[in-house]
Structure formats: C-alpha cells, structure tokens
Amino acid sequence: GAPGDGSNALAMAQLQDRLWAALGNQSFNGFYEAIISHLGVDSRKASDLAESQGALVGHLEDKAQAVAGVSLDEEMTHLIEFQHGYNAAARVVTVMDELIDTIINRMGLVGR
C-alpha cells in the first residue's frame, strides 16, 4: 500500500484476534486474560495462606504464653514476700549487732 494508508496498523490490530500455537491456540487477549486470572487466583491463595498462617502463629503464641506465662499478680506477691523476708533478716542482724555491742562494751563495768 501507499505510505500512510494504515495497512500496517490494520494488520497489527488483526493479530490480537488470531490464534497462536505458541500461546496454546489462544489469541493475545485470551492469553493475557488467562495470565491475569491465574495471577489473581495465586495472589488470593497466597493472601489466604498468609492470613491463616498468621492466625496459627498467634494461636501458638497464646498457647506458649499460657504455659510459660508469668502472672504479674503472683510475681508481685512473691516480691512482697521477699521484701518482708529481707526486712526481717535486717532486723535480726541489727539486734545481733546491738547485742554484741552491749556485751563487748559493757562487760567488766560492774559497779560503776
């Protein structure tokens, strides 16, 4: 054809409807739609799998915390018990110090 008559553009446009053996006897549009469809399905599968795996991990973390978890109330109770024990031991040491001081400093001072 003559230059600028659009015959090449028309031939290229007609290629989209032609069936191609290399594309599994599909047209360009059919092949493209199949790829996009498979991509969408695979993406949805991956999203669902990630969501279910996340839920499973969360459930397992909850179970692990239930087994090995620390009760803050129980730990606070133990902390208070240890604090009282420390205070009692400190009083015993103070009494023993005063007792030894009294024995050492006041022995032999009878009659003064």
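In this predicted model, Arg44 counts as exposed, with a relative accessibility of 53%. The cut-off for that word is over 50%, so Arg44 falls on the exposed side of the boundary. Its partner is Asp48: the two side chains form a salt bridge in which the closest N and O atoms are 3.5 Å apart. Asp48 has a relative accessible area of 36% and is therefore described as partly exposed. Why can two such residues meet? Side chains of opposite charge can pair when their charged atoms come close. The sequence helps to show how this pair is arranged: Arg44 and Asp48 are four residues apart in helix α2, which means that about one helical turn separates them. The structure holds one salt bridge, and the pair just described, Arg44 with Asp48, forms a salt bridge of this kind.

Charges can also be viewed across the whole chain. The protein carries 7 positive and 15 negative side chains. The centres of these two sets lie 9 Å apart.

From this pair, the view can widen to the overall fold. The secondary structure comes to three helices and zero strands, and reading along the sequence gives the pattern α-α-α. The radius of gyration is 44 Å, well over the 13 Å that the globule rule gives for 112 residues, so the protein is more spread out than a compact globule. The dimensions of the C-alpha trace add to this picture, with spans of about 145 × 35 × 20 Å along the principal axes. How much of the protein is buried? Buried residues make up 2% of the 112 residues. The accessible surface comes to about 10,000 Å², and carbon and sulfur atoms account for 61% of that surface.

Helix α1 covers residues 7-15, and helix α2 covers residues 28-68. Gln14 has its place in helix α1 and is exposed, with a relative accessible area of 51%. A look at distances is helpful here: Gln14 and Ala68 are 54 residues apart in sequence, and their C-alpha atoms are 69 Å apart in space.

The loop between α1 and α2 offers two further residues to look at. One of them is Ala21, which lies in this loop and counts as exposed at 66% relative accessibility. Between Ala21 and Leu10 there are 22 Å in space, C-alpha to C-alpha, for a separation of eleven residues in sequence. Asn25 is also found in the loop between α1 and α2. What is notable about its backbone? Asn25 has a positive phi of about 55° although it is not a glycine. Asn25 is exposed as well, its relative accessible area being 55%.

The remaining helix, α3, spans residues 72-106 and includes Ile100. With a relative accessible area of 45%, Ile100 is partly exposed. Which residues join Ile100 in a nonpolar surface patch? The patch is made by Val92, Met96, Leu99, Ile100, Ile103, Ile104 and Met107, and its area is about 700 Å². Residues need over 30% relative accessible area to be part of a patch, and Ile100, at 45%, is therefore eligible on that count.

Note on methods: Residues numbered from 1 in each chain as written. Predicted model: local features only at pLDDT ≥ 70, side-chain atom pairs only at ≥ 80, totals over all residues. Heavy atoms only, no water. Helix = DSSP H or I, 4+ residues; strand = E, 2+ residues; numbered from the N terminus. Buried < 20%, exposed > 50% of the residue type's maximum accessible area, 1.4 Å probe, protein only. Patch = residues over 30% accessible without salt bridge, like charges linked within 9 Å, V, L, I, M, F, W, Y side chains within 5 Å. Areas by Shrake-Rupley, 256 points an atom, 1.4 Å probe, with all protein chains shown as cover. Salt bridge = Lys/Arg side-chain N within 4 Å of Asp/Glu carboxyl O. Rg over C-alpha atoms; globule rule 2.2 N^0.38 Å. Lys, Arg positive; Asp, Glu negative; His and termini not counted. Charge placed at Lys NZ, Arg CZ, Asp CG, Glu CD.
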